[in-house]
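Student: I have a structure to read and some labels I do not yet understand. Could we go through them one at a time?

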Amino acid sequence: MRSRNFKQDYRQLLALTDSVPVIVWSCLLVALLAVAPLLLSKYYVSVILLLLITAVGVLGLNLLTGTTGLISLGHSGFLAVGAYTAGIVAGKLGWPMLASIFAGGVSAAIAGIIVGIPSLRLKGLYLAITTMAFAVIINHLILNGGDLTGGSEGLTVPQPSLFGQALGAERGYYYVVLCFVVVFTFITLNILRSRIGRAFLAIREHDIAAKAMGVNLVRYKLMAFMVSAFYTGIAGGLLAYYTRYLNVDSFSLLISIEALSMLIVGGLGSVAGALLGTAFIVLLNESLGFVFGMIGASFGGSGSAAYEIKGVIYGLAIVLFLRFEPDGLMGRWRDIKHYWTHWPFRF
Amino acid sequence: MDYFLQLVISGIAVGLVYGFIGMGFAMIYRATGVVNFAQGELMMLVSYIAFTLAGTFQFGFWPMLAATVAASVLIGLLIEVLLIRPMLGQPVFSTVMVTIGLAVILRSVVVLIWGADPMPLNAGLPTEVIKIGPAGLYPAQLYAVGLMAAVLLGLWTFFRYSRVGIAMRATANVQTAALLMGINVKRIFALSWAMSAGLAAIAGVLIGVIYDVNPGMWTTGLRSFPAVILGGLDSVFGAALGGILIGMVENLSEGYIGRGMKEIAGFVLILVVLMVRPYGLFGKPDIERV
């Protein structure tokens, strides 16, 4: 039986991880992702690319909803702000790629502070609906943005390029996105083990109690919104260069719900859970699309029925996970780990 | 002035539908503390059921409404028993996500069964426009006014005088104390869902008769959120008033500010209201102890 809690000073307590296997497996995962484009076909690489971009946004939502406990249904709005800012400064002003992605993040962060202000007074479902209102208003502004956002016609984004070198979507851009994911995962882990992260957790558990312990609620709630929106804005910028065409329809409320369901499937509040949940839902979506693509062909190509059945299964996945696995995949993983380390004891 | 009155009156007519949906939200929230995000989808499903009933049995308006409400109450009970009750003891957020999941499912199920084309819901009502002052209203919209008055009166009497209604108010007030007084809280929850589904049915039939049934109807549920937030999530009558207010504001802003404002006017309004009163106009402030 592996014994625990032999930590002797604060540095050990705050270390990123004390487990060698975690480091080894994480490095292996990154290495595997790095060689993936050399081995897989174009289609699979673009699926992984989409998964990685989504992961950045979901990590951001996790900081707000999972760690700080503020429910947001407005992240489709932040994603739209990030994507459109990146698209506009790249397309109309000719900014280089990294600068425009960063600009997307910053503008979303500013939007995050603005949306965060009501959160100082609102709680729970009232807050959720307020953030939803923000997303609806953003979509309206984009739709009526005239030449700036292209309105309902959409906006085209230039090809991704780095230091004047054009990048192909499957190879070059893939590595840029992979770097972003690794960097943002590290930033998240480091936020969580700092004073800021502990303040976030205290707010999640009980914000008035946190205030009594000396956590500045105004500052940390706004910070949670800002950081979370920044992540999502960066994801928006990455998405803009991935799809290279932005349309307001692709930033519907469903995106926010999808992101929340990724968190729930993975396990709220855990970084690894957020990544796992993202992978699960994106791959579920893709494999459902694949299966129904084949069945649809034999049915005489009724594509819309397949799309709707996909919706049903997707909704069922959310409902069933909440019903039978409320701690998500990470909860199940913890149970398995406990079982192995404590056997033959039950806990 | 005529233009203004016309906007206000047709706004009220639209707002009544928001009111019915909003009352459904409030009914569930009051009792269980959960916002049913599937309310709009439930409304859509029910109005498609009304469409099938009307097509099969050649019902008139009132028999169709009665049959649809009955069917909807059953569906509401079914949802409560199958999906919501097992979530007791889980965080509210999880239950809310279950209703969101349900919403996604219902949206697809409706298209799978009835197809994606809009269809008229024919209830044999006269369709010529009735003039009221400067504004013209469809007879169905007048029915909506009457129905709203009847429902409000009925609900008020129910909550004020009937044993079950008082038990529901007690449960909404302090759940534990209600439980100790021998009230079957589970049954109250189920009843709240059933009543909420019944209100959704009225809204669904009205929208179907006034406009048509189409797979985009659930967005009306989304746009009823401002109504119920404005009134306060736990105030059923506030939701009705909120709905009417939102309907008017939407129409006025569309008429005076610009096209498309209808879509967001309600949301802008609640952002402002919530900044001033975080629990809506008629909601009950939460006093928290640590």
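Tutor: We can start with a helix length. The model is predicted. Helix H14 of chain A, residues 328-342, has 15 residues, which at 1.5 Å a residue should span 21 Å.

Student: How do you know that H14(A) agrees with the expected span?

Tutor: The expected span is 1.5 Å times one less than the number of residues. For H14(A) that gives 21 Å, and the end C-alpha atoms are 21 Å apart, so the two agree. In this helix A:Gly328, A:Leu329 and A:Met330 are buried.

Student: What makes B:Ile188 count as buried or exposed?

Tutor: A residue is buried if 20 or more other C-beta atoms lie within 10 Å of its own. B:Ile188 has 22 such neighbours, so it counts as buried. B:Ile188 lies in helix H8 of chain B. Leaving aside residues up to four places away in sequence, B:Ile188 touches B:Ala31, B:Ala167, B:Met168, B:Thr171 and B:Ile183. Between B:Ile188 and B:Ala203, 15 residues apart in sequence, the C-alpha distance is 23 Å.

Student: Why is B:Tyr211 called partly exposed?

Tutor: Partly exposed covers the counts between 12 or fewer, which is exposed, and 20 or more, which is buried. B:Tyr211 has 17 C-beta neighbours inside 10 Å, so it is partly exposed. B:Tyr211 sits in the loop between helix H8 (185-210) and helix H9 (218-223) of chain B. Its C-alpha atom is 18 Å from that of B:Met248, 37 residues apart along the chain.

Student: And what makes A:Arg244 partly exposed?

Tutor: The count for A:Arg244 is 15 other C-beta atoms within 10 Å, so it too falls between the two cut-offs. A:Arg244 is in the loop between helix H10 (217-243) and strand E4 (245-246) of chain A. Its phi is near 60°, a positive value in a residue other than glycine.

Student: Why are H1(B) and H5(B) called oblique?

Tutor: Helix H1 (residues 2-32) and helix H5 (residues 139-161) of chain B pack at about 45°, with their axes 9 Å apart. Angles under 35 degrees count as roughly parallel, and 65 to 115 as roughly perpendicular. The angle fits neither range, so H1(B) is oblique to H5(B). Their crossing is left-handed. B:Ala13, B:Leu16, B:Val17 and B:Gly19 of H1(B) meet B:Gln141, B:Ala144, B:Val145 and B:Met148 of H5(B). By class, this contact has six nonpolar, two polar and no charged residues.

Student: How do you know that H3(B) and H4(B) are oblique as well?

Tutor: The axes of helix H3 (residues 61-84) and helix H4 (residues 92-114) of chain B come within 11 Å and cross at roughly 125°. Roughly perpendicular covers 65 to 115 degrees, and roughly antiparallel needs over 145. The angle lies outside both, and therefore H3(B) and H4(B) are oblique. The crossing is right-handed. H3(B) contributes B:Ile79, B:Leu83 and B:Ile84 to the contact, and H4(B) contributes B:Thr95, B:Val98 and B:Leu102. Five of these residues are nonpolar, one is polar and none is charged.

Student: Which helix gives the most to the side of chain B that touches chain A?

Tutor: The contact takes 36 residues from chain B and 34 residues from chain A. On the chain B side, H4, helix H10 (225-231) and helix H12 (261-276) each supply at least two residues. H4(B) gives the most, with 16 residues. That side of chain B divides into 28 nonpolar, five polar and three charged residues.

How values were computed. Residues are numbered from 1 along each chain as its sequence is written. Chains are lettered from A and ligands numbered from 1 in the order in which they are written. This is a predicted model: local features need pLDDT of at least 70, side-chain atom pairs count only at pLDDT 80 or more; totals for chains, interfaces and linings use all residues. Axes are lines fitted to C-alpha atoms, for helices over the stretch in contact, and angles run from 0 to 180 degrees between N-to-C directions. Helices (H or I, at least four residues) and strands (E, at least two) are DSSP runs, numbered from the N terminus. A crossing is left-handed if the near helix is turned anticlockwise from the far one by less than a right angle, and right-handed if clockwise. Two residues are in contact if their C-beta atoms, placed from the backbone, lie within 7 Å. Ala, Val, Leu, Ile, Met, Phe, Trp, Tyr, Cys and Pro count as nonpolar, Asp, Glu, Lys and Arg as charged, and the others, Gly among them, as polar.
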